[in-house]
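Reader: I'm new to this one and would like to go through it slowly. Could you take my questions as they come?

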Amino acid sequence: MVKVQENVSENTALLRQWIAQCKPGQMVFFGGAGVSTESGIPDFRSSNGLFAQKYPYPPEEMVSHSFFEAHPQEFFDFYCDRMLALDAQPNACHRKLAQLESQGICKAVITQNIDGLHQAAGSNNVIELHGSVHRNYCQACNKSFSVYELLDARAASEDGVPRCSCGGIIKPDVVLYEEPLNDEDLTRAAKAIASSNLLVIGGTSLNVYPAAGLVRYFAGDHLVVVNLAATPLDKNADLCVTEPIGQVFNFDLT
Ligand code: ZN
């Protein structure tokens with residue numbers, strides 16, 4: 001049961017009811033940038049986001065694999081200044097999903113975000129389709145580094161490019177443009193979606209393939225889209241919710 005709800009739309013109330021009635025392990029959440037914007041992390045693709053800001057190169061180009069290879073110094077300037085938001089804290093959506101996992105309701109969170117906020121909130125089964133800023137590897141010897149170690153290595157480097165003690169460049173385990181998504185993650189995501197009965201897609205218009213194609217694996221009863229703006233998926237959804245996602249997920253089950 002959901003506690004008495006005030007000041008929420010009928011659609012939000014219905015989503016909460018579906019979550020409350022969801023059988024154990026039958027809910028999957030698939031989230032995008034909009035989940036993190038309420039934690040103060042800018043949305044890459046929104047007009048107010050990173051890509052509208054001014055840099056010597058277009059931001060899309062600066063987070064591409066070829067740019068990383070050709071201009072590591074400029075890549076890390078941009079990456080560390082604009083892509084890292086290490087002070088950001090989980091919001092009500094992250095926290096509720098972690099709670100729903102601990103209650104056995106939500107079995108997986110699939111995310112396009114790289115900020116690690118779902119884990120910070122306590123979720124364990126998180127499939128990070130675009131990688132994570134918290135994992136970093138030496139390209140030469142494969143040694144792993146935390147993001148703080150990467151920043152230390154960058155501070156110690158004359159040109160601002162973080163390097164391992166072996167001399168190799170430390171690369172964030174983040175999927176750059178021109179790089180494929182991890183097959184294993186895609187398979188895990190597809191399996192989780194295929195075996196769920198309630199799929200909630202939040203904070204993304206899912207117009208980025210191949211992530212967008214994952215939704216076709218869903219064969220359950222309730223496909224819900226939570227997004228402030230309309231998305232191409234709305235026509236396939238059983239329910240569309242257009243309220244802020246932190247607000248939608250700010251509720252208590254009794
Ligand atoms: Zn190394």
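Reader: Let me start with one residue, then: is Asp-77 buried, partly exposed or exposed?

Author: Please keep in mind throughout that this is a predicted model. In it, Asp-77 is partly exposed, with a relative accessible area of 33%.

Reader: And which residue does Asp-77 form a salt bridge with?

Author: The partner of Asp-77 is Arg-154, and the closest N and O atoms of the two are 3.4 Å apart. Asp-77 belongs to helix 5 (residues 72–83) and Arg-154 to helix 8 (residues 147–155), so this pair ties together parts that are 77 residues apart in sequence. As for Arg-154, its relative accessibility is 16%, so this residue counts as buried.

Reader: How many salt bridges does a search of the whole structure find?

Author: Searching the whole structure gives six salt bridges. One of them joins Arg-163 to Asp-159, with 3.1 Å between the closest N and O atoms. Both ends of that bridge are partly exposed, Arg-163 at 35% relative accessibility and Asp-159 at 28%.

Reader: Which residues are linked in a network of salt bridges?

Author: Glu-128, Arg-135 and Asp-173 are linked in such a network. Within this group, the side chains of Glu-128 and Arg-135 meet at 2.8 Å, taken from N to O. Glu-128 counts as buried at 7% relative accessibility, whereas Arg-135, at 31%, counts as partly exposed.

Reader: Then what about a charged residue that has no bridge: how far from Lys-96 is the nearest side chain of opposite charge?

Author: That side chain belongs to Asp-252 and is 4.4 Å away from Lys-96, which is buried yet has no salt bridge. The reason lies in the cut-off: a salt bridge needs a side-chain nitrogen of Lys or Arg within 4 Å of a carboxyl oxygen of Asp or Glu, so a separation of 4.4 Å does not count.

Reader: So where does Lys-96 lie, and what lies 2.6 Å from a polar atom of its side chain?

Author: Lys-96 lies in helix 6, which covers residues 92–102. A polar atom of the Lys-96 side chain has the backbone oxygen of Phe-251 at 2.6 Å. If neighbours within four places in sequence are left aside, Lys-96 is in contact with Phe-249, Phe-251 and Asp-252.

Reader: Changing topic, which residues coordinate the zinc ion?

Author: The zinc ion is coordinated through the SG atoms of Cys-138, Cys-141, Cys-164 and Cys-166, at 2.2 to 2.3 Å. Along the sequence, these donor residues follow the spacing C-x2-C-x22-C-x1-C.

Reader: What geometry does the site of the zinc ion have, and is Cys-164 buried or exposed?

Author: The site is tetrahedral, with angles of 99 to 120° among the four donor atoms of the zinc ion. Cys-164 counts as buried, with 7% relative accessibility, while Cys-166 is partly exposed, with a relative accessible area of 45%.

Reader: I also wondered about backbone angles: what is the phi of Asn-142, and where does Asn-142 lie?

Author: Asn-142 has a phi near 70°, a positive value in a residue other than glycine. Most residues other than glycine have a negative phi. Asn-142 sits in the loop between strand 4 (131–138) and strand 5 (144–145), and at 55% relative accessibility it counts as exposed.

Reader: And what is the phi of Glu-178?

Author: The phi of Glu-178 is positive too, at about 80°, although Glu-178 is not a glycine. Its place is in the loop between strand 6 (170–174) and helix 9, and with 57% relative accessibility Glu-178 counts as exposed.

Reader: One last residue, if I may: which backbone nitrogen does the side chain of Asn-197 reach?

Author: The Asn-197 side chain reaches the backbone nitrogen of Asp-221, at 2.9 Å. Asn-197 is found in the loop between helix 9 (183–194) and strand 7 (198–202), and this residue is partly exposed, with a relative accessible area of 24%. Apart from neighbours within four places in sequence, the residues in contact with Asn-197 are Gln-26, Phe-218, Gly-220, Asp-221 and His-222.

Reader: How far apart are Asn-197 and Tyr-217, in sequence and in space?

Author: Asn-197 and Tyr-217 are 20 residues apart in sequence, and from C-alpha to C-alpha they are 11 Å apart in space.

How values were computed. Residues are numbered from 1 along each chain as its sequence is written. Side-chain values use heavy atoms; hydrogens and water are left out. Helices (H or I, at least four residues) and strands (E, at least two) are DSSP runs, numbered from the N terminus. Buried means under 20% relative accessible area, exposed over 50%, partly exposed in between (1.4 Å probe, protein chains only). Lys and Arg count as positive and Asp and Glu as negative; His and the chain ends are not counted. A polar contact is a pair of N or O atoms within 3.5 Å; within protein, one must be able to donate a hydrogen and the other to accept it, and residues adjacent in sequence count only if both atoms are side-chain atoms. Contact means heavy atoms within 4.5 Å. Donors are N, O and S atoms within 2.8 Å of the metal (3.2 Å for Na, K and Ca); water is not among the atoms, so sites may look incomplete. Four donors count as tetrahedral if all angles lie between 85 and 135 degrees; four count as square planar and six as octahedral if opposite donors are over 155 degrees apart and all others between 65 and 115; anything else is irregular.
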